[in-house]
Amino acid sequence: MSKYLFIESSVRGEASASGQLAARLKAQVQAAGHVVATRDVGADPLPPLDGALLGALFSAADGRSAEQQAQADRVTALIDELQAADTVVIATGMYNFGVPAQLKTWFDYVLQAGRTFRYTADGPVGLVTGKHAIILAATGGIYSSGPAAAADFMVPHVKQMLAFIGITDVTVVRAEGLALGEASAQAGMAQALSVVETLQAA
Ligand SMILES: Cc1cc2nc3c(=O)[nH]c(=O)nc-3n(C[C@H](O)[C@H](O)[C@H](O)COP(=O)(O)O)c2cc1C
């Protein structure tokens with residue numbers, strides 16, 4: 001039995017393509033007897049990183065206000081949730097060439113020096129090790145090849161943020177061409193769902 005954490009980030013509710021991929025994978029791993037946790041930051045967004053949150057994180061624990069402590073506790077809970085998972089599934093659509101702001105905010109919360117990475121004389125070292133990640137990426141255009149590939153700031157960004165905290169074993173599933181007409185959308189989803197079905201539950 002393995003623990004999966006699904007981070008979902010679409011703001012499109014039931015219409016979400018990345019959400020549909022996540023739902024399929026979730027059903028699959030649950031059927032295989034694995035434990036699934038979901039954090040849907042699209043439906044239930046975290047407050048964006050701001051000065052108050054940074055102030056709370058950089059204050060000594062005994063000097064925090066009640067509000068600052070609540071903010072710090074939320075970060076701790078998110079990091080604990082991440083650390084508890086064996087496999088982290090990031091479900092994301094491309095919004096203006098990158099990840100939804102809500103997903104970036106989740107990374108802003110969990111990328112914490114001393115907790116999920118640390119700086120050393122030889123550079124940063126990730127502390128979230130021994131995990132596999134699956135990126136379920138939905139895009140209106142086609143970025144896996146062709147002229148638009150250089151404009152994919154979503155998948156490389158997610159991979160970089162994961163690698164920074166130590167998660168380098170990453171599988172990417174793309175549903176592409178979803179805005180290129182009905183036939184393209186159907187083919188893009190069918191292709192991605194067929195890849196999801198091949199993912200072995202670890
Ligand atoms: C605000 C917004 C911005 C988008 N920007 C892009 C884009 O830059 N490139 C692209 O290929 N598709 C873009 N799309 C299309 C989405 O990537 C596509 O609808 C995808 O299914 C979104 O994922 P979701 O359905 O899980 O929310 C955009 C869609 C929205 C709503």
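Biologist: What makes the approach of Ala-17 to the ligand a polar contact?

Modeller: In this predicted model, a polar backbone atom of Ala-17 is 2.8 Å from an oxygen atom of the ligand. The cut-off for a polar contact is a pair of N or O atoms within 3.5 Å, so the pair qualifies.

Biologist: Which polar atom of Ser-18 lies 2.5 Å from an oxygen atom of the ligand, one of the side chain or one of the backbone?

Modeller: In Ser-18 it is a polar side-chain atom. Gly-141, by contrast, offers a polar backbone atom, 2.7 Å from an oxygen atom of the ligand. Both distances, 2.5 Å for Ser-18 and 2.7 Å for Gly-141, can be set against the limit of 3.5 Å, and therefore both pairs count as polar contacts.

Biologist: How much of the ligand does the protein bury?

Modeller: The ligand taken alone exposes 620 Å², and the protein buries 76% of that area.

Biologist: Which residues are closest to the ligand, and how many surround it?

Modeller: The ligand is surrounded by 16 residues, and the closest are Ser-10, Ser-16, Ser-18, Met-94 and Gly-141. Sorted by class, this shell holds eight polar residues, seven nonpolar residues and one charged residue.

Biologist: Why is Asn-96 called exposed?

Modeller: The relative accessibility of Asn-96 is 74%. Exposed means over 50%, so Asn-96 belongs to that class. Asn-96 sits in the loop between β3 (87-93) and α4 (101-110).

Biologist: Why is Phe-97 called partly exposed?

Modeller: Phe-97 also has its place in the loop between β3 and α4. Its relative accessible area is 43%. Because this value falls between the limits of 20% and 50%, Phe-97 is partly exposed.

Biologist: What is notable about the phi angles of Asn-96 and Phe-97?

Modeller: Asn-96 has a positive phi of about 50 degrees although it is not a glycine. Phe-97, likewise a residue other than glycine, has a positive phi near 75 degrees. Most residues other than glycine have a negative phi.

Biologist: How do you know that Phe-6 is buried?

Modeller: Phe-6 has a relative accessible area of 0%. Buried means under 20%, and therefore Phe-6 meets the criterion. Phe-6 is part of strand β1 (residues 3-8).

Biologist: Which residues are in contact with Phe-6, leaving aside its neighbours within four places in sequence?

Modeller: Among them are Ala-22, Leu-25, Val-29, Val-36 and Val-89. Moreover, Phe-6 and Asp-40 are 34 residues apart in sequence, while their C-alpha atoms are 7.7 Å apart in space.

Key: Residues numbered from 1 in each chain as written. Predicted model: local features only at pLDDT ≥ 70, side-chain atom pairs only at ≥ 80, totals over all residues. Heavy atoms only, no water. Near = heavy atom within 4 Å. Polar contact = N/O pair within 3.5 Å; in protein donor to acceptor, adjacent residues only side chain to side chain. Areas by Shrake-Rupley, 256 points an atom, 1.4 Å probe, with all protein chains shown as cover. Nonpolar A, V, L, I, M, F, W, Y, C, P; charged D, E, K, R; others polar. Helix = DSSP H or I, 4+ residues; strand = E, 2+ residues; numbered from the N terminus. Buried < 20%, exposed > 50% of the residue type's maximum accessible area, 1.4 Å probe, protein only. Contact = heavy atoms within 4.5 Å.
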